[in-house]
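Below are my notes on the model, as numbered points. Please read them with the structure open.

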Amino acid sequence: MCVVAIAVSAQQKADIEVSYSEISFYENGVERGNKYHLLANAVQSKFFNPRSEEIDSLTSTPEGLANFKKTQEAALQAMIAQGGIDVNKLPRKKETLYVLKSAADFTITVYDMIGTDEPVYYTEPYSEMVWEIGDSTKTILGYECIQATTDYHGRRWTAWFTPDIPVQDGPWKFHGLPGLILKVGTGEGGYGYIADGIENSDKAITGVYGGDAYEKRDRKAILRAMRAMRDNPMGHLNAKGIKVEISSETLSKVSKSGDFIETDYH
């Protein structure tokens, strides 16, 4: 697909929209396969899960939140009537991550949730990601891509970028190469993202719905809190006055479902 040249000046609209699939992300022993989109121009971008943003938009007002809860309740009652409950089929967010990049001030801002009720965010400078460009090439989505590597927050990453699309951006926090990153991963069978679609776009690169409700925290402290909740979800919920029972088998699956994409919080 032909992509137009990217405007250099700052703007609020994207020039391209790229869809990415996760590689080897697991949850409770099952590969997640979440989809993300990247809206980007030469100076800013947003990486997000479209379904999650749709739900955040719907629930950003009291009326919308009430209607969404009614939809969830109706879906739950229908499942009960059919003799079983499948949480994965309930209307809900499967991913809470948003990554906003600004080349104007060389800052990455990450929004996420600890559990279901603690919206948090942090910022970091562009300078924490430094690349070494290699000489290997491969073709992805019809574009010739060049290999590059970086050590970042506990993992070594290999990326494939195409200079044919002059956007110095990519999935998640990845950025800073002289072209769009179409694939990135930690190695054979490791974590990563791969592009499965690219198109021109003039969509607005908006902020995060309800962004004012997010509390600024330290990145490593957020990851430690997420790890503690994953390892002891009952303790986290009980501390909030929510009494639940989770089987030891489920707890084992959750705790052993792999580490986070960043591992330097240990």
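1. Accessible areas here come from the Shrake-Rupley method with a 1.4 Å probe, and for residues only the protein chains shown count as cover. On that basis the chain exposes about 13,800 Å², of which carbon and sulfur atoms supply 52%.

2. This is a predicted model, in which local features need pLDDT of at least 70 and side-chain atom pairs count only at pLDDT 80 or more, while totals for chains, interfaces and linings use all residues. Residues are numbered from 1 along each chain as its sequence is written, and side-chain values use heavy atoms, with hydrogens and water left out.

3. Overall content. The chain has five helices and 14 strands; helices (H or I, at least four residues) and strands (E, at least two) are DSSP runs, numbered from the N terminus. Buried residues make up 42% of the 266 residues, where buried means under 20% relative accessible area, exposed over 50% and partly exposed in between (1.4 Å probe, protein chains only). Of the contacts (heavy atoms within 4.5 Å) with a separation of 6 or more, 57% are between residues 24 or more positions apart.

4. The sheet. Twelve strands form an open sheet with mixed pairing, in the order S9-S10-S11-S12-S13-S1-S4-S5-S6-S7-S8-S14. Two strands count as paired if DSSP finds at least two bridges between them. The edges are S9 (132–140) and S14 (215–216), each of which pairs on one side only.

5. S6 to S8. S6 (residues 98–102) and S7 (residues 107–114) run antiparallel and are joined by five bridges, with Leu-100 partnered by Thr-109 in S7. S7 is in turn antiparallel to S8, over eight bridges; here Met-113 stands opposite Pro-119. S7 and S8 form a hairpin with three residues between them, and Gly-115 in the turn has a positive phi of about 70 degrees.

6. Faces of S8. In a regular strand the side chains alternate between the two faces of the sheet. Along S8, Glu-118, Val-120, Tyr-122 and Glu-124 point to one face and are buried, whereas Pro-119, Tyr-121, Thr-123 and Pro-125 point to the other and are not. The buried set thus includes two glutamates, Glu-118 and Glu-124. S8 also pairs with S14, in parallel, through two bridges, and Tyr-121 has Lys-216 as its bridge partner there.

7. H3. This helix lies across S7 and S8 (118–125), running at about 25 degrees to S7; axes are lines fitted to C-alpha atoms, for helices over the stretch in contact, and angles run from 0 to 180 degrees between N-to-C directions. Ala-221 is in H3 (residues 219–231) and, at 38% relative accessibility, counts as partly exposed. Its C-alpha atom is separated by 7.5 Å from that of Tyr-265, 44 residues apart along the chain.

8. S11 to S13. Five of the six residues of S12 (residues 180–185) are buried. S12 pairs with S11 (residues 155–162) in the antiparallel sense over five bridges, Ala-159 being the partner of Val-184. Three bridges join S12 to S13 (residues 192–200), also antiparallel, and Lys-183 stands opposite Ile-194 in S13.

9. Two buried polar side chains deserve a look. Ser-45, in S5 (residues 44–48), is buried at 2% relative accessibility. Its side chain makes a polar contact of 2.7 Å with that of Asp-169; a polar contact is a pair of N or O atoms within 3.5 Å, and within protein one must be able to donate a hydrogen and the other to accept it, while residues adjacent in sequence count only if both atoms are side-chain atoms. Not counting residues up to four places away in sequence, Ser-45 also touches residues including Leu-38, Val-99 and Ile-205.

10. Glu-17, in S1 (residues 16–23), is buried at 6% relative accessibility. A polar contact of 2.6 Å joins its side chain to that of His-37. Beyond four places in sequence, Glu-17 touches residues that include His-37, Gly-197, Glu-199 and Lys-203.

11. H1. Which residues of H1 (residues 50–58) are buried? They are Ser-52, Glu-53, Ile-55 and Asp-56. Seen down the axis, these fall within an arc of 160 degrees, so they line one face of the helix; the arc is that of the directions from the helix axis to the C-beta atoms. Asn-49 caps the N-terminal end of H1, with a side-chain oxygen 3.1 Å from the backbone nitrogen of Arg-51.
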